[in-house]
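Trainee: I have a new structure to look at, and I would like to learn how to read it step by step. Could you take me through it?

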Amino acid sequence: MLVTLRVRRFNPETDLEPRFQEYTVDVPEHFTVLDALITIRERIDGTLAFRYSCRMAICGACGMRINGLAGLACKTALRSALNDGTVTLEPMGNMPVAKDLVVNMEPFWHHLRTVRPYIEPHPARIGPQNEYRISPELVDELSEVVRCIMCGACFSDCTVDEIDINFLGPAALARAGWLVRDPRDSRAADRLRELSKPHGIWDCTRCFFCVQVCPKDVKPMEQILRLRRLAVEAGITDNNGARHTQAFVDSVKETGWLDEFTLVPKSWGWNPVALLPELPTAVRMLVRKRAPSPVHPRQPGVDEVRNLFEKTERKRSVKDDA
Ligand code: SF4
Ligand code: SF4
Ligand code: FES
């Protein structure tokens with residue numbers, strides 16, 4: 001099978017700009033993207049840089065963007081990635097390029113270190129005499145996160161990290177989600193408080209990219225949403241994110257639809273100093289006649305909406321009691 005790999009190349013030590021280089025190779029149909037890259041390096045261009053180790057989706061080393069989306073080169077069948085006989089390969093995003101397809105993952109590791117990604121048992125409970133009990137259901141849930149191989153694909157394509165590199169990011173938050181619920185860890189409350197600060201759980205925009213690109217089906221966004229619920233249940237609500245969620249819920253429950261006029265002040269708190277940075281946006285909305293109306297009547301049929309809320313809350317409390 002004759003294929004063309006279009007590879008983004010860049011050496012920060014010698015190049016001013018990245019460029020694309022095309023390699024055409026004849027490879028067997030069963031090859032993965034990584035197999036094709038190795039063939040190119042062995043037969044055509046020994047200077048092409050990419051990283052790999054296990055070649056079986058275990059080590060997380062071969063993360064790169066394949067046709068624009070992050071993934072593992074060793075887990076991606078070349079045939080499935082071809083568009084008119086060509087596949088485009090680029091380094092992962094949100095991390096500086098070290099060379100060609102190799103990125104420096106320090107921003108990713110930095111965020112992971114920030115969440116203290118290890119179990120911290122209570123000192124009094126350390127030792128073989130102590131037993132921790134965990135339900136099979138919780139083991140199943142936590143094993144979703146344990147599957148993470150730290151490949152960085154989710155971090156690469158996270159739309160919030162793209163604009164705010166201080167956002168802890170999907171993998172670190174998913175890991176924290178595991179530790180908060182692990183009975184062996186003694187810092188759940190502290191962790192939830194730290195994660196509720198700016199750049200934490202409330203900054204995720206739920207864009208789904210981390211769920212889409214994760215090669216191990218960790219579903220980081222779902223872990224983040226679970227952390228939000230746990231934080232609210234723990235009474236950690238003195239932050240914009242929790243207030244925003246509550247304002248959203250209150251508005252829909254009360255009137256059947258979202259009151260956009262009061263959403264921002266209710267989220268930020270009725271504090272003129274905190275609201276001041278939003279003033280230019282408010283003025284622009286007024287000028288463009290996009291400002292929401294201060295009049296917010298109840299919608300007909302709002303009782304049905306309330307019934308839905310009540311049903312959901314009842315279901316959740318039954319589930320929690322079980
Ligand atoms: S869902 Fe949240 S964490 Fe995941 S990629 Fe989007 S913004 Fe990032
Ligand atoms: S959560 Fe998925 S995409 Fe993110 S680092 Fe772990 S395995 Fe990779
Ligand atoms: S080489 Fe190890 S995950 Fe791809």
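**Reading the ligand shells and a helix**

Mentor: Let us begin with the surroundings of a ligand: by class, the shell around ligand 1 is made up of eleven nonpolar, two polar and one charged residues. Please keep in mind throughout that this is a predicted model.

Trainee: Which residues come nearest to ligand 1?

Mentor: There are 14 residues around ligand 1, and those that come nearest are Cys158, Cys204, Cys207, Cys210 and Met221. One can then ask which elements supply the shell, and here α6 (159–163), α9 (209–213) and α10 each give at least two residues, with α10 giving the most, namely three.

Trainee: And how is the shell around ligand 2 divided by class?

Mentor: The shell around ligand 2 has 13 nonpolar residues, together with one polar and one charged. Of its 15 residues, Cys148, Cys151, Cys154, Cys214 and Val218 come nearest to the ligand. The elements that give two or more residues to this shell are α5 (153–157) and α7 (170–181), and α7 gives the most, with three residues.

Trainee: How should I read a helix, and which residues of α8 are buried?

Mentor: The general idea is that an α-helix has 3.6 residues a turn, so residues three or four places apart point the same way. In helix α8, which covers residues 188–195, the buried residues are Arg191, Leu192 and Leu195. Seen down the axis of α8, these buried residues fall within an arc of 100 degrees, and they therefore line one face of the helix.

Trainee: What do the buried residues of α8 pack against?

Mentor: They pack against α7 and against α10, which covers residues 220–233. You have already met both helices, since α7 gives three residues to the shell around ligand 2 and α10 gives three to the shell around ligand 1.

Trainee: How do I judge a single residue, and how many other C-beta atoms lie within 10 Å in the case of Glu141?

Mentor: One counts the neighbours, and a residue is called buried if 20 or more other C-beta atoms lie within 10 Å of its own, and exposed if 12 or fewer do. Glu141, which lies in helix α4 (residues 136–146), has 16 such atoms, so Glu141 is partly exposed.

Trainee: Finally, how many helices and strands are there in the protein as a whole?

Mentor: The protein has 15 helices and seven strands, and of its 322 residues 30% count as buried. Its C-alpha trace spans about 70 × 70 × 40 Å along the principal axes.

Definitions and conventions:
Residues are numbered from 1 along each chain as its sequence is written. Chains are lettered from A and ligands numbered from 1 in the order in which they are written. This is a predicted model: local features need pLDDT of at least 70, side-chain atom pairs count only at pLDDT 80 or more; totals for chains, interfaces and linings use all residues. Helices (H or I, at least four residues) and strands (E, at least two) are DSSP runs, numbered from the N terminus. A residue is near a molecule or strand if its C-beta atom, placed from the backbone, lies within 6 Å of it. Ala, Val, Leu, Ile, Met, Phe, Trp, Tyr, Cys and Pro count as nonpolar, Asp, Glu, Lys and Arg as charged, and the others, Gly among them, as polar. The arc is that of the directions from the helix axis to the C-beta atoms. Two residues are in contact if their C-beta atoms, placed from the backbone, lie within 7 Å.
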